[in-house]
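Here are a few notes to read with the model open beside you. Take them one at a time and find each spot as you go.

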Amino acid sequence: MYMLYRLRQLGLSVRVYEAGSGVGGVWFWNRYPGARCDIESMNYSYSFSHELEQEWKWTEKYATQPEILRYINHVADRFSLREDIQFKTRVSASVFNEATNRWEIQTDDGARASARFLIMATGCMSAVNVPDFKGLESFQGKAWHTARWPEEGVDFTGQRVGVIGTGSSGIQVIPKLAEQAAHLFVFQRTPSFSVPARNAPIDPVYESWMKANYADYRRRARETRAGVVMEVNPKSALEVSPEEREREYMARWEKGGTAFLATFSDVMARREANETAAEFVRSQIRATVRDPAVAAALSPSGYPLGTKRLCVDTGYYETFNRDNVTLVDVKLSPLEEITPRGLRTRSAEYELDSIVFATGFDAFTGALCNIDIRGRGNASLKQKWAGGPRTYLGLAIAGFPNLFTITGPGSPSVFSNTLVSIEQHVEWITGCITHLRERHLERIEATVEAEDGWVAHVKEVADRTLYPLANSWYMGANIPGKTRVLMPYAGGVGAYRKKCEEIAAQGYAGFSLEPPRAM
Ligand code: NA7
């Protein structure tokens, strides 16, 4: 939506294709009960319009999905964006025509269009992952994926419900389903680390302060690692006494939210430091969950805290103290098949009226590879990325001229407040297109050398972190057969922005720029 807004300001004619029937992307599709952002509302919003940020009033520290969707609809109306968005239309294929230097686009309704520039704003997590369970089709009850939740909602009253998956979506939906279902079975393969949100209504004093200081706050946020201003304790977790360590972790735990990761400077950098944070969370699980065997099963081990996305919850661990909730450890007893009446693990059978798949996404590359994108020489993007995604800055791809990706693989994307990343990408792409137009250039393409260099840099930075130690969707490890590589850039949004700005200032170093072809 912001890209559309900026391109219109350049006087370009723009067409946005959107598969959904409304705006909102992730917040349009993920309507499951409990869906909520885990970045504070006042930060998780557009900064490009002073009037917009001043007039909008968030009600809670962490906004719910309906509130975020209302905000997105408000933005669409306020800037009259809908008139250039074609809803209920999925792009099926797109090929670069080298004779005209234009992208030819095909949609699933059989229509065709062509454009000088093709900008993929397909999201990091829009391609839904439903594992290929044996017997899936035979299930006679109802099944939903959290990211394809029906608009009218679902009533689980009196039902036996199974949830598969305990990532961020599972952790948000499980407490809500437990309040409704007659019995809830939670099928957990890998326990997540989760910290309490401590959600609350927006404090009016904080709101006024933020609105008075928004510009300065946003500027500082853009220079940080994660696009959020947070207090990072400069001390190492290993240099302080056990008492001080416990005190610091407890203070962050009581405050709530992902700032828990910043309790000490090396939580995300050193395995031993990380383990102290992990053990603190385990101690909180043990203190909350009454049944020691359930507490043990809910306690993650074997991967560092934060290397699978740190979850933020409201009442997740407490839910397992309810009589109508059963945790089923499918690592111990694997899920063998879905049957007409429920689900069977190696050791037991569960009768279910409904199954909720909280099984995540084919992240970063799924949405892009689901479209048959062909660049120069009819080369396929999907084939090019078979060994892992290759981009220059997560913004451009060698062999695919005039194509840009917003929050593409190789950019900080999900390692940041995504609004900060989206705005930066949109502004960089706007600058790039302006540069081309001013010089009457028709074509821009990342060079193979520049792309190779960036891919190597992304890997080098990744190898200095703990992320490769987990089988996460960051690593593509949740999708069978997907190449295992850290897809987002772990160097931080501040450093990344600088790099992007330098490249632009050098006349788009690492890109080849071409004038129109002589006729
Ligand atoms: P995630 O974080 O990918 O979580 C998916 C969950 O589903 C996770 O617990 C998986 O276990 C589980 N899963 C996936 N496949 C299976 C199979 N075959 N059997 C059992 N369990 C399975 O997705 P979310 O939607 O929760 O969150 C994605 C992001 O969206 C989130 O971090 C926010 O940024 C927004 P596994 O861990 O793979 O063992």
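**Notes on the fold, its spaces and one loop residue**

1. Let's start with a pair of strands. Strand S8 (residues 160-164) and strand S16 (residues 354-357) run parallel to each other and are joined over four bridges. If you want one spot to click on, try Val161, whose bridge partner in S16 is Ser354. Keep in mind that this is a predicted model.

2. Now zoom out to the sheet around that pair. It is an open sheet of five strands with parallel pairing, and the order is S7-S16-S8-S9-S12. Which strands sit at the edges? They are strand S7 (142-145) and strand S12 (325-329), and each of them pairs on one side only. On average, neighbouring strands of this sheet are turned by 20 degrees against each other, ignoring direction.

3. Next, the closed spaces. The structure has three cavities of 30 Å³ or more, and the largest has a volume of about 100 Å³. It is lined by 14 residues, and those closest to its centre are Ser47, Arg218, Arg222, Val420 and Glu423. Two elements give two or more residues to this lining: helix H6 (204-223) and helix H13 (418-438). By type, the lining of the largest cavity splits into four nonpolar, six polar and four charged residues.

4. Then there is an open space to look at. The second largest pocket has a volume of about 330 Å³. Its lining counts 24 residues, and nearest the centre you'll find Gly34, Arg36, Gln172, Lys176 and Thr314. Helix H4 (65-78), helix H5 (168-180) and strand S11 (311-313) are the elements that give two or more residues to the lining of this pocket. H5 gives the most, with five residues. Sorted by type, the lining of the second largest pocket has 10 nonpolar, eight polar and six charged residues.

5. Last stop: Val485. You'll find Val485 in the loop between helix H14 (448-463) and helix H15 (493-505). Why does Val485 count as partly exposed? Because its relative accessibility is 26%, and partly exposed covers the range between buried, under 20%, and exposed, over 50%. Setting aside neighbours within four places in sequence, Val485 is in contact with Gly388, Pro389, Tyr474, Met475 and Gly476. For a sense of distance, try Asp109: Val485 and Asp109 are 376 residues apart along the chain, and their C-alpha atoms are separated by 35 Å.

Terms used: Residues numbered from 1 in each chain as written. Predicted model: local features only at pLDDT ≥ 70, side-chain atom pairs only at ≥ 80, totals over all residues. Heavy atoms only, no water. 1 Å grid on protein atoms, 1.4 Å probe; cavity = no way out; pocket = protein on both sides within 12 Å on 5 of 7 lines; lining within 4 Å. Points joined across faces, edges and corners; volume = space filled by probe spheres on them. Nonpolar A, V, L, I, M, F, W, Y, C, P; charged D, E, K, R; others polar. Buried < 20%, exposed > 50% of the residue type's maximum accessible area, 1.4 Å probe, protein only. Contact = heavy atoms within 4.5 Å. Pairing = 2+ DSSP bridges. Axes fitted to C-alpha atoms, helices over the stretch in contact; angles between N-to-C directions.
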